[in-house]
Amino acid sequence: MAQSTNEWHQALEEAGVWASGRQLRDMFASMFMFCEVTNPKQLWDAHWESLSDDIEAMTRCEHDDPTDTLSEDALKDRALYEIDQVFMCNGHHLEDFPTLPKSNYIPSVHGGNQLVQEELAYDQHSLTIDADNAKDRLNDD
């Protein structure tokens, strides 16, 4: 189903009133996967701000820093990365749509997962001492 560019803009503007950034990114990706968008770059340029409206909050939560701010380019990169994640869940990639910009965002190794970070922040020296002490208490069998 082909729609004019104005209809895609209108759909995103109307949804932007009530939808979250995540929902808008899902909608944006669906437009590309299941419809014919005639000018993808223009659509992205006009709506990147609403598509990324929750990115800064996500980053603050991941970094556990309520003062963390992102540049415009960082917001765009992360939003494009999140859109690419939607594409990948549906067997597509940003590269399938050559006129869309590509993301330079590189997620942290542990995805900001606090539990993983806590597990990896163990004290090797004290664990080695604990292991040696426990070894000494083992039965001879």
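A salt bridge here is a side-chain nitrogen of Lys or Arg within 4 Å of a carboxyl oxygen of Asp or Glu. By that criterion, a search of the whole structure, which is a predicted model, finds seven salt bridges. Three of these pairs are taken up in turn below, followed by the aromatic contacts.

Consider D45 and K41 to begin with. Their closest N and O atoms are 2.9 Å apart, and the two residues form a salt bridge. Both belong to helix α3, which covers residues 40-51, and because they are four residues apart there, about one helical turn separates them. Neither partner is assigned to the buried class: D45 has a relative accessibility of 38% and counts as partly exposed, and K41 is partly exposed at 36%.

The pair E72 and K76 lies in helix α5, where the two residues are four apart, about one turn of the helix. The closest N and O atoms of this salt bridge are 3.4 Å apart. E72 is partly exposed, with 46% relative accessibility. K76 has a further contact, with an aromatic ring: this lysine lies over the face of W48, at 4.9 Å from the ring centre. K76 thus appears both in the salt bridge with E72 and over the ring of W48.

The salt bridge between R78 and E62 joins two helices. Its closest N and O atoms are 2.7 Å apart. R78 lies in helix α5 (residues 72-89) and E62 in helix α4 (residues 55-63), so the bridge ties together parts that are 16 residues apart in sequence. The accessibility classes of the partners are as follows. R78 is buried, because its relative accessible area of 6% falls under the 20% limit. E62, at 23%, is partly exposed. The contact between R78 and E62 also belongs to a wider arrangement, in which E62, R78 and E82 are linked in a network of salt bridges.

The aromatic side chains make up the remaining part of the picture. The structure holds five aromatic pairs. Such a pair of rings is described by the distance of the centres and the angle of the planes. Ring pairs link F28, F32, W44, F87 and F97 into a cluster. Two members of this cluster can be placed in helices already met: W44 falls within residues 40-51 of helix α3, and F87 falls within residues 72-89 of helix α5.

Methods: Residues are numbered from 1 along each chain as its sequence is written. This is a predicted model: local features need pLDDT of at least 70, side-chain atom pairs count only at pLDDT 80 or more; totals for chains, interfaces and linings use all residues. Side-chain values use heavy atoms; hydrogens and water are left out. Rings of Phe, Tyr and Trp (its six-membered ring) pair if their centres lie within 6.5 Å; planes under 30 degrees apart count as stacked, over 60 as edge-to-face and the rest as tilted. A charge sits over a ring if NZ of Lys or CZ of Arg is within 6 Å of the ring centre and within 35 degrees of the ring normal. Buried means under 20% relative accessible area, exposed over 50%, partly exposed in between (1.4 Å probe, protein chains only).
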